[in-house]
Structures are given as structure tokens and as C-alpha cells.
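Student: Please take me slowly through one part of this model. Which residues touch the most other members of the largest nonpolar core?

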Amino acid sequence: MVKIEVVDIEKPEGVEAIIGQGNFSIFTVDDLAKTLLTTVPGIKFGIAMNEAKPQLTRFSGNDEELEKLAAKNALRIGAGHVFVVLMRNAFPINVLNAVKNHPAVVMVYGASENPLQVIVAETDLGRSVLGVVDGKAANRIEDEELKRERRELVEKIGYRID
């Protein structure tokens, strides 16, 4: 028998989140904390990771509020070896490659400032993340004016398409 649950990620407006899965969490939570600290100067974050044995949520970071929220969210997800990063003063694009390249990281399910929901399956053995819902569903196709506005914005922040 499998039970499916949706877990809303609790975080303040403007806080970025990364949800992933690793292994051997006894050191991974601290290693990922070091990775975040050395990737973006001035980053504020909390990270938490569920350890399958001894069924414990470990946490680290440099912002007490974000540490507590990351731990609370990870515990609510409940799946073994899942980690939750909550951060300010950095965007996922700034840290994702460093996080994904850590030898103990298996995968990243999602990374966003949007409201997030984690779809969790529960069996007799435990819990597993099936996926992450990242924000609202698209409801229209970009027209030429919206495309122009998007391109102006990305050029303003330093990206050029041509």
C-alpha cells in the first residue's frame, strides 16, 4: 500500500529553496553548508537533511531562522537523505552546480523562490520524494510584447541572446 501526501514548504517571501537527496548525511549536511558558504559571499542560509539511521534530521547554517525552518520542512517531508536548503542573498543559479557536484548529492528535485510543494509517497518501509511542484501552472503562451519585455529585462541584468 502506498499513501501519497503533499507537503507545503514553509518559507518567508523572498527566500530561495533547494530540495534534493543525498547520502551519508552524517557529514553531508556540514559539507553542503561549507559549499554554500564558499560559493557565494554574504549568503545567509539554513540546511537540514534527514538521516535514515538513526531517523534524525540534522541541520547547519549561518541564519538561525532559516536553520529552524529548513529542519522543520525536512522533518515534515520525512524521506531519508532528503535535504532542504533555505537561503537569502543568493539565487539557486549561484550555488546549484556546486551543490549538484558534491559527491554525496544524488539529485536535486527543485530550486526556486516560488511556493513549493513536495509530493511524498509513504510505504511500510518509509517515505520518498516523488517530485516537487514549483509555483503555479502556466496558463498562456508568451506574445511578442511579453517576449520583448523579457529580453529587455535579461539584457538589463547582463545577458544577451545575440
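Tutor: A nonpolar core is a set of buried Ala, Val, Leu, Ile, Met, Phe, Trp, Tyr and Cys residues joined through side-chain atoms within 4.5 Å, where buried means under 20% relative accessible area, exposed over 50%, and partly exposed in between, for a 1.4 Å probe and protein chains only. The model is predicted, with local features needing pLDDT of at least 70, side-chain atom pairs counting only at pLDDT 80 or more, and totals for chains, interfaces and linings using all residues. Residues are numbered from 1 along each chain as its sequence is written, and side-chain values use heavy atoms, leaving out hydrogens and water.

The largest nonpolar core has 21 residues, and those touching the most other members are Ile 19, Ile 77, Val 84, Leu 86, Val 118 and Val 129. At least two residues of this core come from each of β2 (16-22), α2 (64-77), β5 and β7 (116-122), these names being DSSP runs numbered from the N terminus (helices H or I, at least four residues; strands E, at least two). With six residues, α2 provides the largest share of the core.

Take Ile 77 as an example: leaving aside neighbours within four places in sequence, Ile 77 is in contact (heavy atoms within 4.5 Å) with Val 7, Ile 9, Val 82, Val 84, Val 118, Val 120, Arg 127 and Val 129. There is also a second, separate core of 18 residues, whose members include Leu 36, Val 40, Ile 47 and Ala 90.

From Leu 86, which touches many of the core's members, you can step across to the neighbouring strand, since Gly 46 in β3 stands opposite Leu 86 in β5. Strand β3 (residues 44-51) and strand β5 (residues 82-88) pair in the antiparallel sense over six bridges, a pairing that calls for at least two DSSP bridges between the strands. Strand β3 is mostly covered, with seven of its eight residues buried, and β3 also pairs with strand β4 (residues 56-61), again in the antiparallel sense and over six bridges. Within that pairing, Ala 48 has Phe 59 in β4 as its bridge partner.

The hairpin of β3 and β4 has four residues between the strands, and Pro 54 is found in this loop. The peptide bond from Lys 53 to Pro 54 is cis, with omega near 15 degrees. Gln 55, which lies in the loop between β3 and β4, has a positive phi of about 55 degrees although it is not a glycine. Gln 55 counts as exposed because its relative accessible area is 74%.
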